[in-house]
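Please look at the arrangement below with the protein and the nucleic acid both in view, and follow the contacts before turning to the relation between the protein copies.

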2 protein chains.
Amino acid sequence: MEAITIKDIAKALNLSTSTVSRALRNSYEINPETKKLVMEYAERMNYRPNPIALSLKDSKSKSIGVIIPEIANHFFSQLINGIESIAYNLGYHVVIFQSHDSYEREVANTNYLVSRKVDGLLVSLASLTTDLFHFQDLMERGLPIVFLDRVPKEIETHKVVADNFAGAYEATKHLIQSGRKRIAHLTSPIYLSNTTERLAGYKQALEDHQLPFDESYVKYCHYGGKIVSENEAAIQEMLSLPEPPDAIFTASDKLTTGCMAVLQQKKIRIPDEIAIVGFTNIGVADLLNPPLTAVVQPAMDMGQQAVELLIRLIEHPQKNAEFEIRSLKTSLIIRQSSGHS
Amino acid sequence: MEAITIKDIAKALNLSTSTVSRALRNSYEINPETKKLVMEYAERMNYRPNPIALSLKDSKSKSIGVIIPEIANHFFSQLINGIESIAYNLGYHVVIFQSHDSYEREVANTNYLVSRKVDGLLVSLASLTTDLFHFQDLMERGLPIVFLDRVPKEIETHKVVADNFAGAYEATKHLIQSGRKRIAHLTSPIYLSNTTERLAGYKQALEDHQLPFDESYVKYCHYGGKIVSENEAAIQEMLSLPEPPDAIFTASDKLTTGCMAVLQQKKIRIPDEIAIVGFTNIGVADLLNPPLTAVVQPAMDMGQQAVELLIRLIEHPQKNAEFEIRSLKTSLIIRQSSGHS
DNA sequence: ATGAAAGCGCTAACAC
DNA sequence: GTGTTAGCGCTTTCAT
């Protein structure tokens with residue numbers, strides 16, 4: 001186990017540690033011969049600099065913290081995929097925490113990551129977070145943060161999101177053009193940027209096609225579909241309306257599959273009785289019954305762009321910053337659940 | 001940003017750093033009054049020990065490395081879920097790497113993690129790994145490693161697996177009892193422990209029920225279903241047999257969904273023409289067309305038990321060790337794809 | 001009961 | 001071109 005250190009090399013070669021250090025970093029002031037000697041020996045002994053010592057030295061840990069609602073979710077696991085791939089190539093490692101959509105856990109994770117000295121934070125907000133002090137405070141103290149997917153309006157920094165408005169608009173328009181008149185919207189808590197933007201796209205599509213907007217067709221699920229009963233209740237409410245919907249536009253992975261499950265269990269035929277379009281990155285949309293029409297987010301790409309921005313921020317701190325908001329295109333994949341003929 | 005250090009406390013309180021250090025660690029040799037003073041001040045200033053300095057001191061990083069084939073996969077993301085939850089509670093953080101089932105990436109990740117000084121490794125082997133030197137070498141140098149799910153026969157250490165034999169046996173038996181006679185098996189490369197064990201369970205079930213074992217009914221997918229064409233080819237071969245199968249037992253998430261996709265595209269009706277049982281943790285098995293009969297692994301639990309074993313190994317290194325192999329029960333969830341009437 | 005000093009591995013300012 | 005030294009934050013002998 002005992003790893004070889006610069007000191008060992010110095011001793012073996014009868015040099016000082018600084019010379020060795022400089023040689024290894026290919027400093028111009030070192031004699032080429034010495035350099036060669038050192039490098040070859042280091043290579044031969046399989047020397048690896050101790051990253052912890054480096055971290056202690058310049059208080060950089062070459063790691064970034066990621067706080068997301070949950071891992072076991074198609075969208076987020078693809079996001080992580082993108083994050084890891086880029087971070088790895090840029091020499092950073094990634095520490096992942098799940099908030100499970102709880103404000104308290106989000107705060108706890110944030111504090112922990114900061115105490116572990118991450119160089120920056122990548123965050124997708126918990127659905128129940130409304131107070132942003134824990135992030136604002138850190139940013140003021142100079143910690144780079146980039147938000148992605150679920151982003152706060154109130155904080156100025158880089159953000160990477162899907163074009164939720166356009167995605168929702170397209171989904172709703174598609175349902176309208178497939179002949180649906182009473183389109184409901186099953187969505188997450190209104191605090192989320194996602195929710196607001198998707199709701200706006202949905203409304204705009206209705207308006208542009210001369211359909212009335214009816215508040216009672218919009219149901220917010222506090223737990224974003226993770227609690228079955230909540231899901232069921234919301235859908236039951238919709239179905240109990242004097243004019244029940246003939247289509248539902250669902251706003252997330254869990255909400256979509258949850259909704260399909262409830263309809264299936266109630267023996268409501270999709271799309272005959274109710275059409276569905278879901279905002280989801282589920283991998284097997286093709287294989288569902290019926291195959292699911294989906295608004296797909298470029299999750300990998302979102303993850304990649306977010307780390308890039310974060311690492312740029314870490315390595316070139318901006319003073320009076322120009323912050324970017326990147327909005328990536330979603331794509332509507334039409335299958336049978338939307339009843340398109 | 002500037003975090004408060006022990007030195008700051010010492011200066012503020014007119015004490016030496018060592019006294020402060022001892023007071024904070026509640027050493028018996030410190031005057032209760034001083035102790036109280038220090039602790040209160042530390043609390044008030046929100047002092048947090050610098051974990052990097054601690055790591056450098058005793059060359060423990062309080063982090064564990066995880067190497068798995070891929071994140072964006074139901075089984076593995078649940079596994080990570082379990083791992084993270086326990087590790088977090090025990091004060092460790094988790095660094096995740098994906099091998100993408102490539103031997104080279106597995107080796108590269110291993111080396112990287114070791115150079116980052118993780119305290120231990122949790123590994124699920126890449127499907128193409130046959131040479132285990134990179135792990136053996138580390139273990140001999142004293143690095144604790146625990147394998148899970150895809151484990152090597154040749155290495156002696158703790159291992160956590162699903163009871164693959166029983167799971168496969170049960171799946172196959174279920175197909176037989178549902179009236180199927182020609183049951184094929186679509187699986188991963190034979191090097192994987194999983195593959196061997198599931199194959200054995202499959203064989204045993206056939207034998208116990210007086211059905212012949214026919215080698216041409218078993219297809220190994222080198223890339224485990226991740227390359228569509230390979231999947232297609234394997235299934236095509238099965239279908240072209242003089243006596244094509246009337247059921248397929250698939251050995252993994254990707255293989256299962258891939259198989260369903262191919263059958264669907266070929267307009268082969270499930271389960272009428274071909275029944276399917278899949279070894280998979282896919283979350284929406286219910287919603288598939290048809291609903292999928294599945295052998296489900298206790299992925300969360302497997303992850304949790306594996307970290308526990310690993311951390312135990314890290315904190316109480318065993319000399320002439322007794323190693324555990326934990327084999328956790330799978331459960332067969334019967335739905336329509338297996339044609340059970 | 002408290003302080004001084006060394007050391008974990010590395011870098012960099014400052015000698016020479 | 002190379003060596004000496006101090007310092008990153010903390011723990012831990014060894015003095016007192």
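In this predicted model, a polar side-chain atom of A:Lys57 lies 3.2 Å from a base nitrogen of DNA strand D. Chain B, for its part, meets phosphate oxygens of DNA strand D: a polar side-chain atom of B:Tyr47 lies 2.6 Å from one phosphate oxygen, and a polar backbone atom of B:Ile6 is found 2.7 Å from a phosphate oxygen. Several helices line this region, and those that contribute two or more residues to the surface near DNA strand D are α2 (17-24) and α4 (51-58) in chain A, along with α1 (6-13), α2 (17-24) and α4 (51-58) in chain B.

Taken as a whole, the surroundings of DNA strand D comprise 25 residues, of which A:Ser18, A:Thr19, A:Arg22, A:Lys57 and B:Tyr47 are the closest. Of the atoms of DNA strand D that come within 4 Å of the protein, 59% belong to sugar and phosphate. By residue class, the surface near DNA strand D consists of eight nonpolar, ten polar and seven charged residues.

How, then, are the two protein chains related? Chain A can be laid on chain B by a turn of 180° combined with a shift of 0.1 Å along the axis, which gives an RMSD of 0.2 Å. This is the relation of a two-fold axis. The interface agrees between the copies as well: 98% of the interface residues of chain A are also interface residues in chain B, and therefore the copies meet through the same surface.

Conventions
Residues are numbered from 1 along each chain as its sequence is written. Chains are lettered from A and ligands numbered from 1 in the order in which they are written. This is a predicted model: local features need pLDDT of at least 70, side-chain atom pairs count only at pLDDT 80 or more; totals for chains, interfaces and linings use all residues. Side-chain values use heavy atoms; hydrogens and water are left out. A residue is near a molecule or strand if one of its heavy atoms lies within 4 Å of it. A polar contact is a pair of N or O atoms within 3.5 Å; within protein, one must be able to donate a hydrogen and the other to accept it, and residues adjacent in sequence count only if both atoms are side-chain atoms. Helices (H or I, at least four residues) and strands (E, at least two) are DSSP runs, numbered from the N terminus. Ala, Val, Leu, Ile, Met, Phe, Trp, Tyr, Cys and Pro count as nonpolar, Asp, Glu, Lys and Arg as charged, and the others, Gly among them, as polar. Copies are superposed by least squares on the C-alpha atoms of residues with pLDDT of at least 70 in both. Contact means heavy atoms within 4.5 Å.
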